[in-house]
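Here's a quick tour of a few spots worth a look in this model. Have the sequence and the 3D view open as you read.

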Amino acid sequence: MKFLIAGLGNIGAEYHETRHNIGFMVAARLAEKLSATFEPDRLANKATGKFRGKQIVIIQPTTYMNLSGKSIRYHLNDQKIPIENLMVITDDIALPFGTLRMRGKGSDGGHNGLKDIQAVLATQNYARIRFGIGSDYAKGAQVDFVLSRFSPEENDAMPALLDKCVEGVFSYISIGLERTMNTFNTKA
């Protein structure tokens with residue numbers, strides 16, 4: 001059995017470790033825990049590993065956030081992974097920093113990456129983890145905020161939050177979405 005874990009973000013040094021790239025950061029932490037290494041692949045950097053006998057394909061789409069669906073569709077098809085075994089990890093300004101939410105379906109919530117995935121896959125029914133990055137920005141400054149780096153205090157909290165996301169992914173793979181959501185969806 002295979003799973004596709006897609007951490008959303010933007011490629012390029014200027015986006016490295018910005019709020020909008022939290023999906024890339026979780027994907028990197030997951031690969032690290034599996035002793036997997038990212039290699040360039042079609043439309044993504046890809047790492048593969050095993051967890052409890054199940055193959056995990058981890059991608060960081062190189063299509064930029066707003067075109068994430070193209071990369072995800074390609075890797076689902078290429079790896080012959082059913083959409084039921086897809087987990088997308090993304091930032092969410094509607095959640096306070098450090099709040100983690102796992103869902104099995106839902107709207108894009110105004111997130112352009114999720115909007116593209118929904119359009120390309122023609123469904124809202126796929127698992128996702130939304131990582132709260134907060135909304136501490138002035139009116140009209142949303143883009144600058146999501147493309148900014150985390151504060152020193154947030155950076156201090158980051159290792160535990162990344163580990164919690166990885167634990168959520170492992171739980172999803174082990175015991176399924178519903179049971180994982182019951183324990184995962186708590187504030188940090």
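## A histidine, two helix stories and two odd loops

His111 is buried, with a relative accessible area of 10%, which puts His111 below the 20% cut-off for that label. Keep in mind that this is a predicted model.

So where does this histidine sit? His111 is in the loop that runs between β6 (100–103) and α3 (112–121). Its side chain makes a polar contact with the side chain of Asp91, at 2.9 Å. If you skip the neighbours within four places in sequence, the contacts of His111 are Leu8, His20, Met65, Thr90 and Asp91.

Now on to α3 itself and its partner, α2 (residues 68–79). These two helices pack with their axes 7 Å apart, at an angle of about 50 degrees. That angle makes α2 oblique to α3. The crossing in which α2 passes α3 is right-handed. Which residues meet there? On the α2 side you'll find Ser68, Gly69, Lys70, Ile72, Arg73 and Leu76, and on the α3 side they meet Gly113, Asp116, Ile117, Val120 and Leu121.

Next, α6 (residues 177–184), which has a buried side and an exposed one. Its buried residues are Leu177, Thr180, Met181 and Phe184. Look down the axis of α6 and these buried residues fall within an arc of 105 degrees, so they line one face of the helix. Turn to the other side of α6, and Glu178, Arg179, Asn182 and Thr183 are exposed. What covers the buried residues? The cover includes β6, β7 (127–132) and α5 (152–175). You've met β6 already, as one end of the loop that holds His111.

Last, a pair of backbone oddities. Most residues other than glycine have a negative phi. Leu43 and Lys80 each have a positive phi although neither is a glycine. Here they are together:

| Residue | Phi | Loop |
|---|---|---|
| Leu43 | about 65 degrees | between β2 (39–41) and β3 (44–51) |
| Lys80 | about 55 degrees | between α2 and β5 (86–92) |

Is Lys80 buried or exposed? Lys80 is exposed, with a relative accessible area of 73%. Its loop follows on from α2, leading to β5, so if you're already looking at how α2 packs with α3, Lys80 is a handy next stop.

Definitions and conventions: Residues numbered from 1 in each chain as written. Predicted model: local features only at pLDDT ≥ 70, side-chain atom pairs only at ≥ 80, totals over all residues. Heavy atoms only, no water. Helix = DSSP H or I, 4+ residues; strand = E, 2+ residues; numbered from the N terminus. Buried < 20%, exposed > 50% of the residue type's maximum accessible area, 1.4 Å probe, protein only. Polar contact = N/O pair within 3.5 Å; in protein donor to acceptor, adjacent residues only side chain to side chain. Contact = heavy atoms within 4.5 Å. Arc of directions from axis to C-beta. Axes fitted to C-alpha atoms, helices over the stretch in contact; angles between N-to-C directions. Parallel < 35°, antiparallel > 145°, perpendicular 65-115°, else oblique. Left-handed = near helix turned anticlockwise from the far one by under 90°.
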